[in-house]
Structures are given as structure tokens and as C-alpha cells.
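Thanks for coming. I have one model to go through today, and I will keep to what can be read from the coordinates.

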Amino acid sequence: MAETVQARAAPQPPVISGRHDFPEISGRIASIVLQGRLPRFFWTAFFLCFLLALLFLYSITYLISVGIGTIGVDIPVAWGTMISSFVWWIGIGHAGTLISAVLLLLRQPWRASINRFAEAMTLFAVAMAGMYPILHLGRPWFFYWLLPLPNTHMHWPQWRSPLVWDFAAIATYATVSLLFWYMGLLPDLAVLRDRARSRAGQIFYGILALGWRGSAFHWARYDTSYYLLAALATPLVVSVHSIVALDFTFAIIPGYHSTIFPPYFVAGALLSGFAMVLTIAIPLRWAFSVEDLITLRHMDNAGKLMIAAGMVVTYGYVSEAFFAWYSGQAYDRTMMVERAIGPYATLFWAMLACNVGVLQLLWFRRVRLNMKLLFAIALIINIGMWIERYVIVVTGPSRDFLPSSWGEQSLKWLDYGILFGSLGTFFALVFLFVRILPAITIFEVEELAEEKGGAA
């Protein structure tokens, strides 16, 4: 509470607070990995996430063994929680790329303390997203038909299929994000190699460091490669989720066929991505006592970016309703009316309450600097963004052109098992990452402290 009151009085919270030298910064961050400086509840929380990961594995095994009919998909609603979760997970991965690549090119120093775990979050979110289209195939063991193989399968791959577009987008995004993340890790891996006391740790981190010695030649090549990868990753922030949006836009189903979807989806991706960054950052800074490295400045800036992306999402909601009315198309109008008063009306209004109503609290600076309230807002927006994806995916096919083919989706236990199982797997991977690799970038925080003369 004292931290919040103090921050209110300051005109602008610092990027890092206090005075730090190189050994102190590297020692604090490296000790989490090398000495196991973990909070008491760390392994308990990991165990709970691991149980959900086991549920994810069991749900996938059951789905493959019994068939795709065991989840809540049916005609006319052939897309359900699988595709909703796929779009949601892809969106969560966008904030990591924005923080890491775009803010690096824009020379924003406040990214230094949060870019590492944001990049890891991107990789884990993309891994979760990549599972869903494969599982939704019905015969996931034939997923290799999506690969651009020689034409031995005659008309495979089918380039008119959105599945092929998604595969290309996810594969490109995952590859570039992995290279960018690993490139940024090299100097810190060398720090862990040099500070490790056990022979196993020295060998493990030494192999991963790829012979890094921190020479002027290494740093020159590093800077060139890192900025090139950042420039390569920046267009992916827009292109990947735009491709996912085109999966819907190219369909003629009411509620899908809309040119607003690509920018609308990108803004929603940034909103949900930054909400997940805050969901991870706020407990991380508290649990490991790094409030002076991940400061209120980071929380404030993340909140501002959330309100910017959220207002674009709000504009998308208004545009959808306006153009459904302005177009004069009875089918689009009926679809929007059914969203508001039909069988999915509760989810529709919950979506607006979470993504539009609660979002407005972020206009107030004291809310952005209150960690408990900001954490609650981030959780609510994450839930609201998943509901939004589900509403978009389900309401269109459920109210098609012919009333005789209308129908609702009934969710099965497997839908919940796969959704919550993927969440548990994601957070279990985050816990393992924090334990094995530095969650805060050592060398960038050291550079920032040096540039600020030992104080931010």
C-alpha cells in the first residue's frame, strides 16, 4: 500500500528504482536459477498446474481414442471451443512479440525487465495454440498433410483451406519467436555458466551459451542479429492474427464475413496478450521481491497499452453492430439481435462487461498503480477475451441463413478438460522456465542501470 501511495506522488514512476551495480543485479537474478531462491508456495502452485497438465494429456488421449464427436461440436456449429481457444492463445502470444521486438526497435528502455518472460510466454502460448487445429482435424495423425510437401498427395496441401494458412502462420511465428528468444538469452546463459558451481550446471549452460565470451566481436554480431530478428518479428504482430482473422472473413456466414476482422483481431490479441503479461508479472515481482526491477512504471505502461488496444476492440464491437444495421442485410441484423437476446445473450453481455466496462477503470492512474486491482482487471479481461472468441465462433453458424438449420452448441466435459488443461500446461511451463532460465534479462537491466548512473 505504501508503494502505491508513494508512486502516486511521483510524476512518473522510474524504470528501475534504487542504485544497482553489475554483480548485485546478476547475482540476484541468477540466484533464482542457480541457488533455487524460490518462494515456499512455488512447487505447490507448480504441482496444481501439473495436475491440470495431466488432465490435458488425458483429455487429448480420450479425444483421439473415441473421436471428435466427444467434444461439443455438431452441425451447424462445427467450430466450438477448439477454434475459440486457438484464436485466444494466438492472441496471448502477441504481447511478447510487441514487447520484445517492436519496443526494442522503438528504443523503449522499460521493456528490459519484462521482455524475457514475455518472450517465453509467447512460445508457450503458440505451442498451446498449435495443438488445437491439429486436434480439431478429427484425424490428427494426418496433420502432416498440412505441410508443404511434394505433390505426392495429389491436391495436398489444399491452399484454399484455412488450416493450411494457420499452419503457415503458426510455424513462421513460432520459428521467428524461438530464434529471437534464444538470441536474447545467449549473454545471460554465459552469466549462468560462469556463476554455476556444479559441474553439471557449467556444462548445461555452457552448451546453451554456444561459446559466448562477451568480446567486442560477439557483441557486434549479437546487436546486428538481434535487431534483424526484431525487424523480422515486427510484421508478425500484424500478419499472424490477420491470417487467423481471414479464416472467418473468407466465409460467407453472417457474423464471419466482415472486413473489420483483421485489425479487430490484432487489437484483441494485444489486449489479451498484455493482460496475460500482467497476470504473470504482478505475482512474479511480488514472489521474488523484484519490485525495484519490475517497477510500477512497467505496470503503468502496460495498463496504458491495454486501454489503447481495448478501445480499438470497443470500436470493433460498435462497427460490427453498426454495419450489420447499415448494410440492410436481414441475416446480419438477425445475427446481431440473436447475440443480444438469443441463447448466447448472457455470454455476449458478459463479454461487453469484461472487455469494455471493466477496461474503463484503466483510465485512472491510481488503478493502474494498484497491483491487486490491476491483477484482477487483467484476469477479468483474459476471461472476457476468451468469451469474445467463443461468441464470434459460435453465434454465426448457430444462426445461419435458413432458420431450419439453426441450432445451439452444448459443451461437454471434454471441452472444459482441454481448455483448463491447456491453461495448466501453459502455467506449468512458465514455472519451469522461471526455475531453469533467468526470467529477467540480466545484461539489459545492467545496461539500463549503467545508463541511469546506477539509478533509474
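I will start with confidence, then take the salt bridges, then a few helices.

This is a predicted model. The protein chain has an average pLDDT of 86, and 94% of the residues score at least 70. The stretch to set aside is residues 4-9, where pLDDT stays under 50. The model does have eight contacts beyond four places in sequence for residues 4-9. Where pLDDT is low, though, the predicted coordinates should not be read in detail. I will say no more about that segment.

Now the charged pairs. Side chains of opposite charge can pair when their charged atoms come close. How many salt bridges are there? The count comes to nine. I will go through some of them.

Take R111 and E444: their side chains form a salt bridge, with N to O at 2.9 Å. This pair links distant parts of the chain, 333 residues apart. R111 sits in the loop between α5 (94-105) and α6 (115-135), while E444 belongs to helix α17, residues 442-451. Are these two residues buried or exposed? R111 has 3% relative accessibility, so it counts as buried. E444 comes out at 9%, and therefore counts as buried too.

The next pair is R339 with E320, where the closest N and O atoms are 3.3 Å apart. R339 lies in helix α12 and E320 in helix α11, so this salt bridge ties together parts that are 19 residues apart in sequence. Both R339 and E320 are buried.

R389 and E388 also meet in a salt bridge, at 2.5 Å from N to O. Again, R389 is buried, and E388 is buried as well. There is also a network of salt bridges, which links E24, R28 and D292.

On to the helices, beginning with α3, residues 42-66. S59 is found in this helix. Its relative accessibility is 0%, so S59 counts as buried. What does its side chain do? A polar atom of the S59 side chain lies 2.8 Å from the backbone oxygen of L55. Which residues does S59 touch, leaving aside neighbours within four places in sequence? The contacts are W413, L414, G417 and I418.

L51 is in helix α3 as well. With a relative accessible area of 40%, L51 is partly exposed, because that value falls between the 20% and 50% limits. L51 is also one of the residues in a nonpolar surface patch of about 570 Å². The other members of that patch are F47, L48, F50, L54 and L57. For this helix, then, we have S59 buried and L51 partly exposed.

Next is helix α13, residues 345-357. Its buried residues are A345, F348, M351, C354 and N355. What covers them? The cover includes α11 (296-326), α12 (330-341) and α15. Helices α11 and α12 came up earlier, as the places where E320 and R339 lie.

That leaves α15, which spans residues 371-398 and contains L379. At 35% relative accessibility, L379 counts as partly exposed. One distance to finish on: L379 and F124 are 255 residues apart along the chain, and their C-alpha atoms are separated by 18 Å.

That is what I have; I am happy to go back to any of these on the screen.

How values were computed:
Residues are numbered from 1 along each chain as its sequence is written. This is a predicted model: local features need pLDDT of at least 70, side-chain atom pairs count only at pLDDT 80 or more; totals for chains, interfaces and linings use all residues. Side-chain values use heavy atoms; hydrogens and water are left out. Helices (H or I, at least four residues) and strands (E, at least two) are DSSP runs, numbered from the N terminus. Buried means under 20% relative accessible area, exposed over 50%, partly exposed in between (1.4 Å probe, protein chains only). A polar contact is a pair of N or O atoms within 3.5 Å; within protein, one must be able to donate a hydrogen and the other to accept it, and residues adjacent in sequence count only if both atoms are side-chain atoms. Contact means heavy atoms within 4.5 Å. Patches are made of residues with over 30% relative accessible area and no salt bridge: like charges are joined within 9 Å, nonpolar side chains (Val, Leu, Ile, Met, Phe, Trp, Tyr) within 5 Å. Accessible areas come from the Shrake-Rupley method with a 1.4 Å probe; for residues, only the protein chains shown count as cover. A salt bridge is a side-chain nitrogen of Lys or Arg within 4 Å of a carboxyl oxygen of Asp or Glu. pLDDT is the predictor's confidence in each residue, from 0 to 100.
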